[in-house]
Amino acid sequence: MKRRRILATVAMLAAGTGLVACSSDEGGSDASNCTNTITKQNVPVVTMWGWYPNTQLVVDNFNKQHDDVQVCWTNVGQGGDEYDKFQTAISAGTGAPDVIMVEADRIPTFQIQGALVDIKQYGFDAVKANYGEGAWKDVSVGDAVYGVPVDGGPMGMIYRKDIFDKYKVTPPKTWAEYEQAAQKVKDAGGPLFGDFGANVPAVLMALQIQKGATPFTFDPAQPKAIGVKLNDQASKDVLDYWGGLAKKGLVGTQNQFTPEYITGVINGNYATYISAAWAPGYLTGAGVGKGQDTGKFAVAPLPQWDSANPVQVNWGGSAFSVTKQAKKPELAAKVAYGLYADKESLTDGWTNQIIFPLNLTALKDPAFVDLKVAFFNGQQANKEVYLPAAEAYKGVAYAPFGQYYLDAMEKQVSEIIKGSVTGSQAADRLQEDVAKYAKEQGFTVQ
């Protein structure tokens, strides 16, 4: 399940304030129609596509602070809708914006087509220290940087305090303890401990990486060679673990982000929810924590496979990339570096639970660090869970065909849930499927 689909249920996208003529060809593509109003005339204009709910505010803040460049923003759709339009522009060789919002796992897909600019040469050193190691790795291919990190999804375990208290369980620190706690709750007649949904393959990918898997290795110096390793022991272990929990009736097998699942969360049908730092915003927008379940949620660090060697993982995250069609890539890079980087925009993002920021200006802000999160009944979730996870995250190497892989994973998880294959068998089938697809796309699979 891609996070962009989830965000669509959190809040309505920012509404346009009317069209205005920008009448500048300095931006590199059509700047005749902007969703935002540009008040400073006769300066270069950089066109940008993006879908954050508060993009209007972010663009207005940037434009107010700059006299040498203005941003002309258009919302052409969220996630897949935007990507389809970008792909059309890539194929046509025209029609792309100068700057585009793109999820980190999609960057290799566009980079391998030569559609993005390596912005390392355009001011990277000046902003490098504003983001952590993991944030930069997620937007890089090899040593080249193809995006400016904006938000991420360090993972944790949301849980129902009332259920934990009733059945006398404490937040598990390992996945072995998670299963033990689940069995204890079940034996006492309690609810499901969690959910093994087929439509969240990115979660399983993250947990496999947490256990030591490296799904893909890719060297841009050898653009037609890729390492595909989806059925190593770590990957099999994770699928067998969750398949086993489901078979024992310890977790549900409901597709997540559905009305039925949300109703179950509200009604206390699940003791835990394994998700990312943006989840409180999603859950609040979906009506969780507003009725009979008010004040009953807390969050703990993500359980570990090996408590002696903890690994933090991430789900979701977006960046601003410069497209190859930008006529002035250095100017476009300045916009990419500057959007969602000022304190006002960042603060609006995290206070309204729109993003979990990756800019260290926000992450080190005492107001953010010490925030008492209302959804968690005043718990300092950032300080206790999400910040340590974000700081320890090392980043991931994504595949140029990541969406195919996630879709294929979803199909195999569905088979595990049906009981037609074991987790290990599903991993072998996934390896065969994705490796075959990679070869069909012209890759040499290593």
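Visitor: Which residue does a disulfide join to Cys34?
Guide: In this predicted model, the count of disulfides comes to 1, and a disulfide is a pair of cysteine sulfur atoms within 2.5 Å. Cys34 has such a partner, with a distance of 2.1 Å from S to S. The residue to which the disulfide joins Cys34 is Cys72.

Visitor: Where in the chain do Cys34 and Cys72 lie, and how many residues apart are they?
Guide: The link of Cys34 and Cys72 is left-handed, with -110° about the S-S bond, and both cysteines are buried. The pair links distant parts of the chain, since Cys34 is in the loop between α1 (3-7) and β1 (45-49). Cys72, for its part, is in strand β2 (residues 70-74), and the two are 38 residues apart.

Visitor: Why do the buried residues of α17 line one face of the helix?
Guide: Helix α17 (residues 381-392) has 12 residues and reaches 16 Å from its first C-alpha to its last, close to the 16 Å expected. Its buried residues are Ala381, Asn382, Val385, Tyr386, Leu387, Ala389 and Ala390. In general, an α-helix has 3.6 residues a turn, so residues three or four places apart point the same way. The buried residues of α17 line one face because, seen down the helix axis, they fall within an arc of 165°.

Visitor: Which helices and strands do the buried residues of α17 pack against?
Guide: The packing of these buried residues involves both helices and strands. The strands are β6 (148-160), β11 (272-276) and β12 (297-301), while the helices are α12 (279-285), α15 (360-363) and α16 (366-369).

Visitor: Is Asn382 buried or exposed?
Guide: Asn382 has its place in helix α17, and, leaving aside neighbours within four places in sequence, Asn382 is in contact with Phe356, Phe368, Val369, Leu371, Leu387 and Pro388. A residue is called buried when its relative accessible area is under 20%. At 7% relative accessibility, Asn382 therefore counts as buried.

Visitor: Which parts of the chain does the pair of Tyr178 and Phe193 tie together?
Guide: The structure holds 33 aromatic pairs, and one of them is formed by Tyr178 and Phe193, which meet edge-to-face at 4.9 Å centre to centre with 75° between the planes. Both residues are buried. Because Tyr178 lies in helix α8 (residues 175-187) and Phe193 in the loop between α8 and β7 (194-195), the pair ties together parts that are 15 residues apart in sequence.

Visitor: Which residues form one aromatic cluster with Tyr178 and Phe193?
Guide: Tyr178 and Phe193 form an aromatic pair, and both also belong to one aromatic cluster. The residues that form the cluster with them are Tyr159, Phe164, Trp175, Phe196, Tyr241, Trp242 and Trp305.

Visitor: Over which ring does the charged end of Arg160 sit?
Guide: A charge over a ring is found at Lys224, which lies over the face of Phe443 at 5.3 Å from the ring centre. The charged end of Arg160 is likewise placed over a ring, 5.2 Å from its centre, and that ring belongs to Phe297.

Visitor: Which elements do the buried residues of α14 pack against?
Guide: In helix α14 (residues 343-351), the buried residues are Ser345, Leu346, Asp348, Gly349 and Trp350. Just after α14, Gln353 takes a positive phi of about 55°. The elements against which the buried residues of α14 pack are α2 (55-65), α15 and α16.

Visitor: What is the phi of Tyr340?
Guide: Most residues other than glycine have a negative phi. Phe257, in the loop between β10 (251-252) and α11 (259-266), has a positive phi near 65°. Tyr340 lies in the loop between α13 (329-338) and α14 and counts as buried at 2% relative accessibility. Although Tyr340 is not a glycine, its phi is positive, at about 55°.

Visitor: Which residues does Met409 touch, not counting residues up to four places away in sequence?
Guide: Met409 is found in helix α18 (residues 402-418), and at 0% relative accessibility Met409 counts as buried. Beyond those sequence neighbours, the residues that Met409 touches are Pro201, Leu204, Met205, Gln208, Leu239 and Leu430.

Key. Residues are numbered from 1 along each chain as its sequence is written. This is a predicted model: local features need pLDDT of at least 70, side-chain atom pairs count only at pLDDT 80 or more; totals for chains, interfaces and linings use all residues. Side-chain values use heavy atoms; hydrogens and water are left out. Helices (H or I, at least four residues) and strands (E, at least two) are DSSP runs, numbered from the N terminus. Buried means under 20% relative accessible area, exposed over 50%, partly exposed in between (1.4 Å probe, protein chains only). The expected span of a helix is 1.5 Å times one less than its number of residues. The arc is that of the directions from the helix axis to the C-beta atoms. Contact means heavy atoms within 4.5 Å. Rings of Phe, Tyr and Trp (its six-membered ring) pair if their centres lie within 6.5 Å; planes under 30 degrees apart count as stacked, over 60 as edge-to-face and the rest as tilted. A charge sits over a ring if NZ of Lys or CZ of Arg is within 6 Å of the ring centre and within 35 degrees of the ring normal.
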